[in-house]
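Trainee: I have a model open and would like to go through its sheets, its cavity and its overall size with you. Shall we take it step by step?

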Amino acid sequence: MSKMRLAIVGAGPAGIYAADLLLKAERDFEVEIDLFEQLPAPYGLVRYGVSPDHPRIKGIITALREVLDSGDIRYFGNVRYGQDITLADLKRHYNAVIFATGAIRDASLNIPGIDAEGSYGAADFVSWFDGHPDVPRTWPLEAQSVGVVGNGNVALDISRMLIKHADDLLPTEIPDNVYQGLKQNPIEELHLFGRRGPKYVKFTPLELRELGEVRDVDMVIDERDFDVDDAYADETLSKNKQVVVMTRIMDKWRAEQRQREAGETEASSRRLHLHFWSKPVEVVVEDGRVAGLKIERTAPDGQGGIVDTGEFEVIPMQSLYRAVGYFGSPLDEIPFDDARGVIPNSQGRVQDLEGEQIPGVYATGWIKRGPVGLIGHTKSDAMETLECLIEDRESWWQPEAPEIEAIPELLHAREVPYTTIEGWHRLDEHELGLGEQAGRTRIKVVPRDEMTRIARAE
């Protein structure tokens with residue numbers, strides 16, 4: 001076989017990196033790659049899962065754009081797998097498919113009251129403030145006191161977006177409907193909960209530092225949490241460079257808090273409370289709505305874990321967000337592990353529920369390994385999948401209609417208003433133009449039909 005036709009479903013970092021790495025890999029055959037994305041715009045969670053006030057992280061778009069603009073990959077946006085194009089279609093036109101569909105749902109938090117009105121998943125909130133076209137345009141920001149459960153970067157992202165004054169987000173690419181919503185946010189207190197201590201958090205130092213730099217927000221610390229850490233944290237952890245930096249950041253907040261308590265500095269209009277060694281056990285519900293969060297104090301077990309102390313406390317609040325992880329979504333005709341939220345696979349080779357390899361079907365990114373690791377891990381993950389793909393050459397599909405024009409003709413016949421990379425350039429320039437008119441970097445277009453119309457120059 002002198003030529004391989006590959007379909008990749010998902011145009012986030014995982015899918016784009018897989019395409020790029022295959023093009024650069026040592027091989028003795030030509031490659032034609034088609035990238036399918038259910039949204040009209042590419043880049044996945046880099047566009048729709050990163051806070052708009054994180055331009056440094058969004059800088060990765062520059063590298064992804066270079067791959068798409070190379071001319072070696074075709075991009076078909078606004079195409080839904082399982083609806084606009086099926087597994088049978090892929091088998092008819094390609095030698096193999098790699099699924100890179102990520103994980104965009106919220107993992108569950110199984111405690112009583114979690115389904116009360118005013119209880120939300122972080123992923124849904126992120127989709128709203130990032131202008132995802134398939135979520136409502138409004139968000140119920142009505143609470144003066146808000147809780148966030150989680151000690152990872154997503155918990156920090158949504159905490160920052162909730163506590164930040166809306167006008168401070170104007171330099172970003174925040175959609176106008178989101179700015180207007182946050183402008184009305186009456187929040188005064190935010191409570192951030194983690195089951196373990198300050199030295200055990202999953203934050204990165206950059207994210208933690210940014211949280212403390214939010215204007216007109218005081219960081220509120222419970223000194224008991226640090227007493228526990230100082231007594232039990234192992235010496236290796238205390239010497240970890242990231243832990244050292246984050247400890248220094250929190251020590252600064254503790255000093256600032258002492259100054260406020262002594263009347264040496266003025267209090268801000270909003271406060272962010274950090275609650276460590278605090279395990280959520282129940283959402284307090286009144287009249288069907290969130291009224292508080294009951295937590296149990298935890299303590300180290302001496303072996304890196306935690307134990308319950310039997311000491312409980314209720315923190316009053318009117319809304320609660322869970323940021324306890326993302327979860328994958330099942331795909332039509334593809335096996336799915338409901339417990340882990342991933343496609344069952346071995347090194348990227350998709351397997352059926354009995355553990356047998358399914359020829360021609362592969363996975364990469366979060367749908368392959370679960371929502372762990374930073375964007376940088378995606379490259380090594382894709383390389384593993386591609387090595388298996390190339391090794392399995394003898395078991396690839398043998399397509400009936402591999403002609404390059406077959407896919408555009410198929411989508412046209414099904415009246416799918418797909419977008420291309422040229423269309424993305426049009427949408428990109430349009431959003432930048434909207435931002436320039438308002439003295440901002442970019443203003444995202446949110447409605448799917450409007451995105452599609454602009455991209456297709458209709």
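Trainee: Which residue in E12 does lysine 279 stand opposite?

Mentor: Happy to start there, keeping in mind that this is a predicted model. Strand E11 covers 278-286, and E11 pairs with strand E12 (residues 289-300) in the antiparallel sense over eight bridges. Opposite lysine 279, in E12, stands glutamate 296.

Trainee: Which are the edge strands of the sheet with the order E11-E12-E13?

Mentor: This is an open sheet of three strands with antiparallel pairing. Neighbouring strands in this sheet are turned by 25° against each other on average, with direction ignored. Pairing on one side only marks the edge strands, and they are E11 (278-286) and E13 (306-316).

Trainee: Now the sheet of seven strands: why is one side of E3 and of E16 left without a neighbour?

Mentor: The order in this open sheet is E3-E2-E1-E4-E18-E17-E16, and its pairing is mixed. Strands E3 (73-76) and E16 (345-346) stand at the edges, so one side of each has no neighbour in the sheet, the reason being that each has a single partner strand.

Trainee: What is the bridge partner of serine 346 in E17?

Mentor: E16 and E17 (residues 349-351) run antiparallel and are joined by two bridges. For serine 346, the bridge partner in E17 is arginine 349.

Trainee: What angle does the direction of helix H15 make with that of E3?

Mentor: Helix H15 (residues 406-413) packs on the seven-stranded sheet. There H15 touches strands E1 (3-9), E2 (30-36) and E3. With the direction of E3, that of H15 makes an angle of about 5°.

Trainee: How many nonpolar residues are in the lining of the largest cavity?

Mentor: With a cut-off of 30 Å³ or more, the count comes to one cavity, and the largest has a volume of about 40 Å³. Its lining includes Pro140, Leu141, Val146, Ile187 and Tyr321, along with Glu142, Asn185 and Ser319. By class, two lining residues are polar, one is charged and the nonpolar ones number seven.

Trainee: Last one: what is the radius of gyration of the protein?

Mentor: The protein has 17 helices and 18 strands. For 458 residues the globule rule gives 23 Å, and the protein's value is close to that, so the protein is as compact as a globular protein of that length. The C-alpha trace spans about 75 × 55 × 45 Å along its principal axes. The radius of gyration itself is 24 Å.

Conventions: Residues are numbered from 1 along each chain as its sequence is written. This is a predicted model: local features need pLDDT of at least 70, side-chain atom pairs count only at pLDDT 80 or more; totals for chains, interfaces and linings use all residues. Side-chain values use heavy atoms; hydrogens and water are left out. Two strands pair if DSSP finds at least two bridges between them. Helices (H or I, at least four residues) and strands (E, at least two) are DSSP runs, numbered from the N terminus. Contact means heavy atoms within 4.5 Å. Axes are lines fitted to C-alpha atoms, for helices over the stretch in contact, and angles run from 0 to 180 degrees between N-to-C directions. On a 1 Å grid over the protein atoms alone, a cavity is a set of points where a 1.4 Å probe fits but cannot get out, and a pocket is an open set with protein on both sides within 12 Å along at least five of seven lines; lining residues have an atom within 4 Å of a point. Grid points are joined across faces, edges and corners, and a volume is the space filled by probe spheres set on the points. Ala, Val, Leu, Ile, Met, Phe, Trp, Tyr, Cys and Pro count as nonpolar, Asp, Glu, Lys and Arg as charged, and the others, Gly among them, as polar. The radius of gyration is taken over C-alpha atoms; the globule rule is 2.2 Å times the number of residues to the power 0.38.
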